[in-house]
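Hi everyone, thanks for coming. I'd like to walk you through a structure that may be new to you, so please have a look at the screen.

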2 protein chains.
Amino acid sequence: MQIKTPSIRWAFIISLIPISSLSIAQQPLFGFDTEGSEEQRRLEAEFDTHIDRAEMDRWLREFSSEAHHVGSTKGKQNAQAIAALFRSWNYDVEIAEYEVLFPEPRTRELELVSPNRFTASLIEDAVAGDASTSNIDELLPPYNAFSIGGEVEGELVFVNYGTPADYEMLERYGISVAGKIAISKYGGSWRGIKPKLAAEKGAIGTLIYSDPADDGYGPGDVYPEGPYKNDSGVQRGSVMDMPTYPGDVLTPGVGATGDVGRLNREDAPTITQIPVLPISYRDALPLLEAMGGDVVPEQWRGGLPITYHLGPGPARVRLKLEFDWNMVTAYNVIARMEGSQFPDQWVIRGNHHDGWNHGAADPVSGLVAMLSEAKALSRLAQAGNAPARTVIYAAWDAEEPGLIGSTEWAEHHGAELQEHAVAYLNTDGNGRGFVNVGGSHVLERFFNQVMADVQDPQTGVSVQERRRANLRINAGSEKIRNEAKNRSDLRISPLGSGSDYTPFLQHLGIASANMGFGGHSGGGSYHTMYDTYEHYSKWIDPGMVYGETLAQFAGRATLRLANAPRLPIDFQGFSDNVAAYIDEIETLAEDMRQQTETDNQNIKDGVYGIILDPTKSFGPPLAKAEVPYFNFAPLKNALTELESAAASYQDIASSGAPATARDNYLLYTSERELIRQQGLNGRPWYKHHIYAPGFYTGYGVKTIPGVREAIEQRQYDQVAGQIELAAEVLHNLATRVEELSGP
Amino acid sequence: MQIKTPSIRWAFIISLIPISSLSIAQQPLFGFDTEGSEEQRRLEAEFDTHIDRAEMDRWLREFSSEAHHVGSTKGKQNAQAIAALFRSWNYDVEIAEYEVLFPEPRTRELELVSPNRFTASLIEDAVAGDASTSNIDELLPPYNAFSIGGEVEGELVFVNYGTPADYEMLERYGISVAGKIAISKYGGSWRGIKPKLAAEKGAIGTLIYSDPADDGYGPGDVYPEGPYKNDSGVQRGSVMDMPTYPGDVLTPGVGATGDVGRLNREDAPTITQIPVLPISYRDALPLLEAMGGDVVPEQWRGGLPITYHLGPGPARVRLKLEFDWNMVTAYNVIARMEGSQFPDQWVIRGNHHDGWNHGAADPVSGLVAMLSEAKALSRLAQAGNAPARTVIYAAWDAEEPGLIGSTEWAEHHGAELQEHAVAYLNTDGNGRGFVNVGGSHVLERFFNQVMADVQDPQTGVSVQERRRANLRINAGSEKIRNEAKNRSDLRISPLGSGSDYTPFLQHLGIASANMGFGGHSGGGSYHTMYDTYEHYSKWIDPGMVYGETLAQFAGRATLRLANAPRLPIDFQGFSDNVAAYIDEIETLAEDMRQQTETDNQNIKDGVYGIILDPTKSFGPPLAKAEVPYFNFAPLKNALTELESAAASYQDIASSGAPATARDNYLLYTSERELIRQQGLNGRPWYKHHIYAPGFYTGYGVKTIPGVREAIEQRQYDQVAGQIELAAEVLHNLATRVEELSGP
């Protein structure tokens, strides 16, 4: 543990804290009456006394002592150790096993074959001062899981981040990746989008590297001198087509138990079409240096000491990948504490336990906070304060290759989860700085109260206050900066994908949230062999200071949801955010319309043609279909209906009327109204019509995705239908809320 | 000569040219009647036949065969050769000599002395394929002219571009340059600002290097593989405090003839206070690599393969500079062709002839276009079409060290120039791409007609049309993009400084302009030893294609000003631009007011304090005085008066009424109304109250500088007074324009 000695600056910061922010949040708790609030707060204070940073630190060291991906020896050991801990705290524990496909690399070869020869090392170097980096027995080498195998040879084309906009730019240079190998930077989109789009454009292979401008010596000193990515570090990661469906690639929609029907691997649509390999910037440098063709656009430049060129070629590479397509067992640890009053209402709290490597930050830092929280909750129960609702802690396996453990469990238990699950609360790797909460907006008001009640360990203000301050200064738009100052609740982010909440929220329609701290814990260890205890405890959260805060935070969220007599679900925060999304989409359409009109006019006027440099191959863009006007009225009418119902319900909820069993059932199943069994266009697994990961962004969220993506992808004939569908789910939710206010 | 073969793209581009743009501009010429317009256009067509690209190319090769800075053998030879050419074309030629101070480096030493040792080479490498880079007998090594000499040793502090905003940022890190050596990137401001500000902040020395992200392999392939700066290239350049006064440092305000009184060198205020040396990125790398302290802010990062740190230290350098402070002779070649009708009205046309080195691009590419133009003009005269007004061609010496040749001549002949000069038209190095015109806005309408009448050699559309197209696509704001589409005249840029127009415009109040082409001729040869004939003719303007276009363009401007019966001066374009500047300044004040209010509120609320990372030294900003409201009414009232007078004059000018001698005198001396003998606050040499180089930007213009800089520098008590002064010059101009419309 290496906590920096508080410096003189601490005193300075503390002196700046406005008095008002210290006495915040003694308002009654949402869902409790005054007396209940006092009791709950007393419980939470007691809860805090059971959080033990030193113990978290020991667990962190233990669980991250070796690589522990799904199918590894250490992975199974960790699952067993976690189960044992839960048992020692009197949870009912089950290890839920699923048999899933998990590819491990057998052959990884990458060679520059012309104009000069270079063989990529594809290895990460052990570093002085971090013993874990020499303890790599079962560590999988850098690869992208669910890349197809194969051997390809071709010229390189530099595709920047490999996003749709990047390919539009390449087209202006007259460059196609068809028959070529795309080399892409990490970033700009989720990694799985890069081979997906490259394959759609005809590429025969994809390389992905971490550019040092984004993730290396650009942002800061590299490991072990600093936390950032050194020249041998490689980000592993899954490239399965998660925006189509996550989880086991062979069993979409059903739990991958031993006896279930499976697709043939060849038919699994979420395995990539072309081979893809992640490499270090040390291995990328000779490849990029050997490229010719036009110089890249200014915004595409990276941080290597070369001129970046688009190609194609003359650099020509051979890429050979072979995988062992193993069936492995994913071990989900499921620990249940029966509710004392409402055992059929389940609050589910999860964090995965598998890592790509030692996985100290990702996921163990979050996992140990959850364990600490679970232990504290059991201590309260032992003292006679068992949760009113059933609390289920889940330590997921196989999250890294594609949210597999959580997805299979959620698919397996879908019907009962839709009947019983109150909410799913997720954490993953944790860091230092500001609280981040993403989730269903029916929980926005609830989480604001939690944020206001947890103290930031570095400044003493509430984590809400610190986040608000950060938004007031650093938010990207004046609108958000002003809103941070003036809106009483901070907005929580809509969820896309990237961790285990996805099957709960987007497949089952269970209100979900994802919580963590970050902003001051930059670094490049993510999915590299450097994600070790040594790295984490030196550079990310020395002394588990924010680990404790996360346990306090997620613990309060869990406890309050478990104990609140009336579930703290609010529809005004939800409708206010939906109103903002509708605004955004209208603005998007309007901006696209104006931009398309301007571009087309400029193309028609020959304006693009005459400004080009005739010695370069850069050409004008192609004209696009004009953007029609859309009828957003159905969406707005449904929103109005919802706003009105939400206001009526708000009157009831704040009247102090006790909640009936029916009330709470209607409340916690309300999120189900936002899903449709048919799912989204072209990806039926995703059933939520307000939140989805972007089909061409991956983790990045698309709110009201049917409408937004139809417009973004210029599928104008689909917009009206999608507006109707989104309006329908809003209307259904409004009807549900009216039921709550009714007799 | 290496002109790229027109590719298939050419045909494509030509096919995009709208028909309308080809038949533009047969409207009557501004200042001529219909018949006079036809005759003038016939003359111009004949003029064009005398422009000879091959001859320009020979001159380019000859004048740039060796280094030819002021005081050099080749510099004097060039002056004599230029004079001989003018004589051969029947000009009255004088070589106007001035005795000026010019420092040449005797000792340049730069060493890293700790934590490791490194001695900077400070030399530029000869390259294969460019014989000029081995022909460097009198070439001055890289240095900054008018740096003071001295030996200093100290820790390095990285100051980004060394602008006022950069020092504000450093203050937030608690870092001062006092007693340290500042290392700055080139760019962000004129180079002379860097040591000026560093010295104001207490630094003992300054290093300036070209970062490869800005000027090296970042933008493109480096010389000789491409046009960009290789790792040994160094930008030379003057660092005299030109925003205080340009020209000979010992003779401010008067011509540096042999017998004039001179300051002692120690008293010359425009020599730097601290030693300053420019270096290559090859020499900068070990220095920057040895630095520690905080990592730089994201926007400060450069393109070297290291993490950039702010310091101070531990890198410690020793810098030793010694100069020979020589008195040298500047040879201005002044060639006069007497006007046939108005010999007392002078149109002055200039380009400097001295270079820092071989100077192919800067300045010979512009010089040879001017020579070609002068030859063509003499051919017209020989054929009986001598200019109506006197035309004076000037090839200036000693521009590079600080506009010395032109400034001394303008100071020396100030009174007669103010009496006789109709306009000063400047060119300097030329490139390929889009026309750029900066100048007095009374000439905006005039130059738009010239732009519309000259064809772009690559696309066949007028250079106005091509520039308009570029603005429609690439202008930085939607306002400017829309304006480019809709405003009939393209705006010309206001002039700051950076070439020889400054003494004419800003000291004497002579309407001036600066013309050239660029945008497709990027490269890093500027002020390095690589500014050679070989570089220029391969990478910048192969075949002098745009050299010919510049001669056509500047030739038309010169000829029309010389021949127009009514001088083509327009006050509506001027007042429209002044209105925009007043708007800008009001917006500036309003934005500063709101930003200051927000910042102060955030500081007061402790918001900055609680978001900081306590493990870093970055702190909150300091509160600033609130920005008061200013009374802009006097400026706007004067503008209204001017707008009204300009409209009345427009009626007269467009009525076709013949101009009297008095009319033309009132017209061409109207720009004098914009100067005040007292000059600007703190820099009396600069007398123009609408255009000035920024005191803390250098070349960058500040319009209505008294008002704008008082606000920017937060000297609020001076704003009202400066508004009165600016209103006064506008009122004076309005009165002058009323005189023109009067009886």
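Let's start inside chain A, where the centres of domain 1 and domain 2 lie 30 Å apart, taken over C-alpha atoms. Before I go on, please keep in mind that this is a predicted model. The contact between these two domains of chain A draws 40 residues from domain 1 and 40 residues from domain 2. On the domain 1 side, the elements that give two or more residues are α4 (73–88), β1 (92–114), α9 (404–412), α14 (501–507) and α15 (533–540) of chain A. Which of them gives the most? That is α9(A), with six residues. As for the character of that side of domain 1 of chain A, its residues divide into 14 nonpolar, 19 polar and seven charged.

Now, where are the domains along the sequence? In the domain assignment of chain A, domain 1 is made of the pieces 46–99, 329–462 and 495–563. Domain 2 of chain A covers 101–326, and domain 3 of chain A covers 571–741.

Let's step back and look at the two chains together. How many residues of chain A are in contact with chain B? There are 41 residues of chain A, and they touch 41 residues of chain B. On the chain A side, the elements with two or more residues in this contact are α1 (8–16), α12 (463–474) and α18 (607–611) of chain A. The most comes from α12(A), which gives six residues. Sorted by class, the side of chain A that touches chain B has 20 nonpolar, 12 polar and nine charged residues.

And how are the two copies related? In general, two copies of a chain are related by a rotation about an axis and a shift along it. Here, a turn of 180 degrees and a shift of 0.0 Å along the axis lay chain A on chain B, with an RMSD of 0.0 Å. That is the relation of a two-fold axis. The copies also meet through the same surface, because 100% of the interface residues of chain A are interface residues in chain B too.

Next, some helix pairs. Let's stay with α12(A), since we have just met it at the contact with chain B. This helix packs with α13(A), residues 478–486, at an angle of about 150 degrees, and the axes are 7 Å apart. The two helices are therefore roughly antiparallel to each other, and the crossing is left-handed. From α12(A), Arg468(A), Leu471(A) and Arg472(A) meet Ile480(A), Arg481(A), Ala484(A) and Lys485(A) of α13(A). By class, that contact has three nonpolar, no polar and four charged residues.

Our second pair is α21(A), residues 705–712, and α22(A), residues 719–741. Their axes come within 8 Å and cross at roughly 165 degrees. That makes α21(A) roughly antiparallel to α22(A), and this crossing is left-handed. Gly706(A), Val707(A), Ala710(A) and Ile711(A) of α21(A) meet Val719(A), Gln722(A), Ile723(A), Leu725(A) and Ala726(A) of α22(A). In this contact there are seven nonpolar, two polar and no charged residues.

For the third pair we move to chain B. The axes of α3(B), residues 53–63, and α8(B), residues 360–382, come within 9 Å and cross at roughly 140 degrees. That makes α3(B) oblique to α8(B). The crossing of α3(B) and α8(B) is right-handed. Among the residues that meet here are Trp59(B) and Phe63(B) in α3(B), and Val364(B) and Leu367(B) in α8(B). The residues of this contact divide into 10 nonpolar, two polar and one charged.

I'll finish with a few backbone details. Most residues other than glycine have a negative phi, and most peptide bonds are trans. The peptide bond from Gly311(A) to Pro312(A) is cis, with omega near -5 degrees, and Pro312(A) sits in the loop between α7 (281–289) and β9 (316–337) of chain A. In chain B, the bond from Tyr223(B) to Pro224(B) is cis, with omega near 10 degrees. Where is Pro224(B)? Look in the loop between β6 (205–209) and β7 (237–238) of chain B. Lastly, Asn90(B) has a positive phi, near 75 degrees, and lies in the loop between α4 (73–88) and β1 (92–114) of chain B.

Thanks for listening!

Conventions:
Residues are numbered from 1 along each chain as its sequence is written. Chains are lettered from A and ligands numbered from 1 in the order in which they are written. This is a predicted model: local features need pLDDT of at least 70, side-chain atom pairs count only at pLDDT 80 or more; totals for chains, interfaces and linings use all residues. Axes are lines fitted to C-alpha atoms, for helices over the stretch in contact, and angles run from 0 to 180 degrees between N-to-C directions. Helices (H or I, at least four residues) and strands (E, at least two) are DSSP runs, numbered from the N terminus. Angles under 35 degrees count as roughly parallel, over 145 as roughly antiparallel, 65 to 115 as roughly perpendicular and the rest as oblique. A crossing is left-handed if the near helix is turned anticlockwise from the far one by less than a right angle, and right-handed if clockwise. Two residues are in contact if their C-beta atoms, placed from the backbone, lie within 7 Å. Ala, Val, Leu, Ile, Met, Phe, Trp, Tyr, Cys and Pro count as nonpolar, Asp, Glu, Lys and Arg as charged, and the others, Gly among them, as polar. Domain bounds come from an automatic or database domain assignment. Copies are superposed by least squares on the C-alpha atoms of residues with pLDDT of at least 70 in both.
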